[in-house]
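Q: Got a minute to go through this one with me? I'd like the overall picture, then a pocket and one residue.

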Amino acid sequence: MAQYPQCLIAELAKYGRQPTGNKDWDAAVLSVLRKNEREKDAPWLTLHQCALNLRRESEKARAQAYNLADPNVYSAHSSFLVYIANSVVLAPQRRKFIVDDDNRQVLRFLLLYFNNCPLAEEAFPERGYKLHKNLLIQGGVGVGKTLLMQIFSEYLRRTKNPRFFHNVSVTQMVNYYTIHNNLDRFTYFEEESKGFQCKPENVCLNDIGIQDRTFFGMDTGLLTDEFLHARNEIWTQFGKFAHLTTNLDNKELEKRFKRNDGYGRLVDRFKTYNVIPLPGKSRR
C-alpha cells in the first residue's frame, strides 16, 4: 500500500479492522468507528467487509499474474513467444520468426502490455501508451501486423492469460453478418447472455479500412463502423478489448472514418487506442 498512511492502519487495528488500501474509504470507516454508534456502524462495517473482499480479489489476480518486471521472467516469456511463433503460427509455412530493429521494441512493449506490466508504459515514453487502452497497429503491406497479433493470441491462450483475444478479419466479420444478419458474436455476444448480462470477448479485427466494398448489397465499411461504435461501449462498460490493425496512416484513418460519421465520433474514439507504428519492408 504505497503512500498509504501507516497511522491509519494502526488506528483501524485498534478497532479490529483491516485497511482496504483506499485511504478515503478507510478514513470514513474509522470516523464511524470512533463515534461508537452501533446503529450507524452496522452498514459501514458490512460494506467494509465487501470492500475487503474486493481488495483480496484484486490481490489474488495480481499474485496469479506473471511479473515481467523480473528480467528472468521476461526472458523466459520472450523466448516462449518466439517458440510459439516458430512451432505453432509459422510452422505450416516452414518459416522462422525474425526479431530485428523494426519489431524488437514493439515486441517488448506488447509482451509487457499483454501481461499488464506497468513497464509497458515506459517502453515508448514519448507516445503516452497506457495499459488500459486498446491497440491499433499501423504499417505497410506485409510488415507483420496480423502475424504479430496471431502470435500473441496463441501465446496468451497457451499461458491462460485473461487478456487473450480472438484474432479475426473484416472478411470473417462480413461472412458472419451475411449468415446471421447481425454482428452479435463480434460485439456484445448477447446470444450467450444470462439475466441481461452479455458475454463480449476480447478480439482483434485485422485490416480495417481497406476492405470497404459492397458485398451482397452490404457496405462492409458500415459494418466496420458499427463494430467500432459497439466495441467502444464494450471497452467502457465491460473492460473488454478490441484491438485493430490497419495499413492506413493517421490522415488516411481520419479521412476514411469521417465518411459515414459527420460528428467525428469514430475518429475521436481512436484516442482510446495505443497507436503503434510498425515500420519496415514486407516480410512475406
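**Chat notes**

Q: What share of the residues in the chain is buried?
A: It's 42% of the 284 residues. Keep in mind that this is a predicted model.

Q: OK, how many helices and strands does the chain have?
A: Ten helices and seven strands. The C-alpha trace spans about 70 × 45 × 35 Å along its principal axes.

Q: And of the contacts between residues at least 6 apart in sequence, what share joins residues at least 24 apart?
A: That share is 66%.

Q: Switching to the surface: what area does the chain expose?
A: About 16400 Å², with carbon and sulfur atoms supplying 51% of it.

Q: How many positive and negative side chains are there?
A: There are 41 positive and 32 negative ones, and the centres of the two sets lie 4 Å apart.

Q: Now pockets. How much space lies in the largest pocket?
A: About 540 Å³. It's lined by 21 residues, and Ala-61, Ala-65, Asn-116, Asn-161 and Pro-162 are the closest to its centre.

Q: Which helix gives the largest share of that lining?
A: Helix 3, residues 38-64, with three residues.

Q: Last one, His-77. Where does it lie?
A: His-77 is in helix 4, which covers residues 71-89.

Q: Is His-77 buried or exposed?
A: Buried, because its relative accessible area is 9% and the cut-off for buried is under 20%.

Q: What does His-77 touch, not counting residues up to four places away in sequence?
A: Tyr-66, Leu-68, Leu-111, Asn-115 and Tyr-155.

Note on methods: Residues are numbered from 1 along each chain as its sequence is written. This is a predicted model: local features need pLDDT of at least 70, side-chain atom pairs count only at pLDDT 80 or more; totals for chains, interfaces and linings use all residues. Side-chain values use heavy atoms; hydrogens and water are left out. Helices (H or I, at least four residues) and strands (E, at least two) are DSSP runs, numbered from the N terminus. Buried means under 20% relative accessible area, exposed over 50%, partly exposed in between (1.4 Å probe, protein chains only). Contact means heavy atoms within 4.5 Å. Accessible areas come from the Shrake-Rupley method with a 1.4 Å probe; for residues, only the protein chains shown count as cover. Lys and Arg count as positive and Asp and Glu as negative; His and the chain ends are not counted. The place of a charge is taken as NZ of Lys, CZ of Arg, CG of Asp or CD of Glu. On a 1 Å grid over the protein atoms alone, a cavity is a set of points where a 1.4 Å probe fits but cannot get out, and a pocket is an open set with protein on both sides within 12 Å along at least five of seven lines; lining residues have an atom within 4 Å of a point. Grid points are joined across faces, edges and corners, and a volume is the space filled by probe spheres set on the points.
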